[in-house]
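Opening the notebook on a structure I haven't looked at before. I want to check how two helices pack, then look at a couple of odd backbone angles.

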Amino acid sequence: MSERSGTPVRTLLLWCPDWPVLAAEIVDGVPATGPVAVLHANRVVACSERARAEGVRRGLRKREAQGRCPQLTVVDHDAGRDARAFEPVVAAVEEVAAGVEVIRPGACALAARGPSRYLGGEEAAAERIVEHIAQTCAVESQVGVADGVFAAGLAAREGRIVPPGGTPEFLAALPVEALGRPALTDLLRRLGVRTLGDFAALPAGDVLARFGFDGALAHRLAAGRDHRPLAVRQPPADLTVTAEYDEPVDRVDAAAFAARALAEELHERLAAYGLACTRLGIEAVTAHGQELHRVWRHDGLLTAAAIADRVRWQLDGWLSGSTGRGGTRPARPTAGIIRLRLVPDGVLAQAGLQPGLWGETGEERERAHRALSRVQGILGPEAVVTAVLGGGRSPADQVRLVPWGDERLPARPGPPPLPAGPTDEAASPAGAVPSGGAARSGGVAPTAGVARSGGAARPGGVAAVPPWPGRLPPPAPAVVLPALLLAAVHDAAGEPVVVSARLAVSAAPARLTVGTGRPAEIAGWAGPWPVDERWWAPAEARRRARFQVCLADGTALLLAVEAGQWLLEAIYD
């Protein structure tokens with residue numbers, strides 16, 4: 001039957017009576033055999049058969065429904081619950097016939113031509129679908145077949161198969177309430193139009209002029225001219241790959257061999273659908289029933305080799321775990337792996353990552369990506385890392401190294417862009433009195449004052465609230481030491497320079513000694529900038545003050561004093 005010619009499509013519609021009640025039983029365990037009513041906006045939208053026997057009807061208010069049935073169980077309407085509970089029913093219908101459209105939770109439709117041809121007729125197809133739903137989901141349902149979705153829905157309420165061409169006659173005897181438009185129905189009743197046949201007999205132009213577009217659409221439905229195409233849903237593709245092993249895999253080399261074969265199978269399956277993977281789930285089950293799961297993320301597209309590498313790395317981590325005797329790594333599984341499963345958790349079309357306008361994702365980038373991925377495959381994921389800038393108070397906190405290909409997410413939220421020029425991001429803890437650390441000739445330019453917590457106005461009229469109080473002001477140091485070096489700072493008289501709890505410097509720094517090296521003259525200095533972190537957690541609390549110093553040979557350093565000890569933190573270029 002052609003939709004272009006205006007002929008309605010022969011439609012098979014599956015309807016599950018009182019679906020909101022059944023969904024409440026499936027999800028929340030409310031027994032549908034008792035008197036149950038589902039309420040929305042204090043009115044009954046669905047009720048069980050037992051409740052209808054007690055006089056409960058749709059549209060009643062809660063108090064009136066409970067007055068008619070004192071034992072009534074009231075359940076709030078939840079559209080999400082209805083949809084989740086109906087998904088297994090739709091999946092069961094798709095096991096018998098393809099091209100299903102979900103009308104609403106509790107009703108779905110499909111073109112009747114296909115199932116009727118390979119199941120031996122429309123009646124046989126309807127019986128097969130109803131039986132399959134009952135066996136698979138333990139849900140009672142009814143099927144109606146007619147020309148068009150609207151007529152098929154009304155036929156499903158009677159479990160009826162309307163013969164081809166008989167839809168207008170079937171609709172003519174039904175009351176106008178079947179349209180499901182209360183305002184239009186009330187108006188038609190007052191005009192003396194009581195059946196769909198009476199409504200369909202009215203001239204189409206008069207109906208459009210009197211009732212508008214919605215009335216004209218209802219007029220077409222009443223005449224059996226519903227010929228809209230079915231908006232069929234596409235069943236999700238099963239992209240998961242699984243491997244079963246008769247002998248438990250407990251060696252890393254055997255696991256790596258199995259991982260490569262499984263990775264190639266997954267990549268081929270994705271390529272068949274024109275998809276690529278960006279997030280990979282790796283699941284394993286041991287012979288003792290232990291379940292292991294890990295998700296790997298990747299900024300680009302995971303190739304077959306990249307998938308195999310990540311599976312191998314993960315299996316190596318699992319099978320090489322600690323024995324439970326004081327190791328910091330997770331304990332090794334007590335038995336070998338008998339099942340390995342790869343789940344493409346994040347997929348997108350292969351054309352989803354288009355080259356940029358100036359070729360920033362072009363051939364050179366791909367060549368570099370392949371080279372770095374190959375190095376990772378040889379040396380491991382931690383062998384190639386990239387820096388991710390974020391927030392924090394010290395240079396070490398503001399940089400996070402992540403393995404190549406992983407998501408580049410900062411460990412801490414970064415601050416917004418700051419205005420250029422000398423600026424101060426330090427903040428004094430409550431009750432502290434900042435010192436007026438001055439710059440000396442030839443030294444590092446000092447900051448113009450110290451900002452209090454809460455973001456005081458800066459000199460020059462620039463007001464700012466720093467996102468990380470106590471953050472080191474720019475410029476950032478060029479070299480951040482992975483481990484702080486012990487240092488000593490003395491004044492001109494040779495006495496150690498001390499910073500009090502109120503940030504008062506005992507004397508101007510004059511000489512610096514790093515470790516066992518020779519003392520160096522300090523030509524200029526700026527600071528201190530205090531940091532009081534996590535004072536509410538005694539085990540993690542840290543209080544320090546930072547200084548910028550410039551040596552006589554032109555070297556600029558970042559120092560910190562903590563618990564009376566001077567430390568070398570970074571080096572400026």
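I started with alanine 563, and at 82% relative accessibility it counts as exposed, because the cut-off for that is over 50%. Worth jotting down now: this is a predicted model.

Where does alanine 563 lie? I found it in the loop between strand E20 (556-562) and strand E21 (565-572). Its phi is near 55°, a positive value in a residue other than glycine. That caught my eye because most residues other than glycine have a negative phi.

Next I looked up aspartate 18, where phi is also near 55° and so positive, again in a residue other than glycine. Aspartate 18 sits in a loop too, this one between strand E1 (10-15) and helix H1 (19-28). Buried or exposed, or something in between? I got 25% relative accessibility for aspartate 18, so it counts as partly exposed.

Then the helix pair. I picked helix H4 (residues 79-94) and helix H6 (residues 122-137), whose axes come within 9 Å and cross at roughly 130°. H4 and H6 are therefore oblique to each other. I noted the handedness of their crossing as well: right-handed.

Which residues meet there? From H4 I listed Pro88, Val89, Ala92 and Val93. On the H6 side they meet Ile129, His132, Ile133, Thr136 and Cys137. Sorting the contact of H4 with H6 by class, I got 7 nonpolar and 2 polar residues, and no charged ones.

Key. Residues are numbered from 1 along each chain as its sequence is written. This is a predicted model: local features need pLDDT of at least 70, side-chain atom pairs count only at pLDDT 80 or more; totals for chains, interfaces and linings use all residues. Side-chain values use heavy atoms; hydrogens and water are left out. Axes are lines fitted to C-alpha atoms, for helices over the stretch in contact, and angles run from 0 to 180 degrees between N-to-C directions. Helices (H or I, at least four residues) and strands (E, at least two) are DSSP runs, numbered from the N terminus. Angles under 35 degrees count as roughly parallel, over 145 as roughly antiparallel, 65 to 115 as roughly perpendicular and the rest as oblique. A crossing is left-handed if the near helix is turned anticlockwise from the far one by less than a right angle, and right-handed if clockwise. Contact means heavy atoms within 4.5 Å. Ala, Val, Leu, Ile, Met, Phe, Trp, Tyr, Cys and Pro count as nonpolar, Asp, Glu, Lys and Arg as charged, and the others, Gly among them, as polar. Buried means under 20% relative accessible area, exposed over 50%, partly exposed in between (1.4 Å probe, protein chains only).
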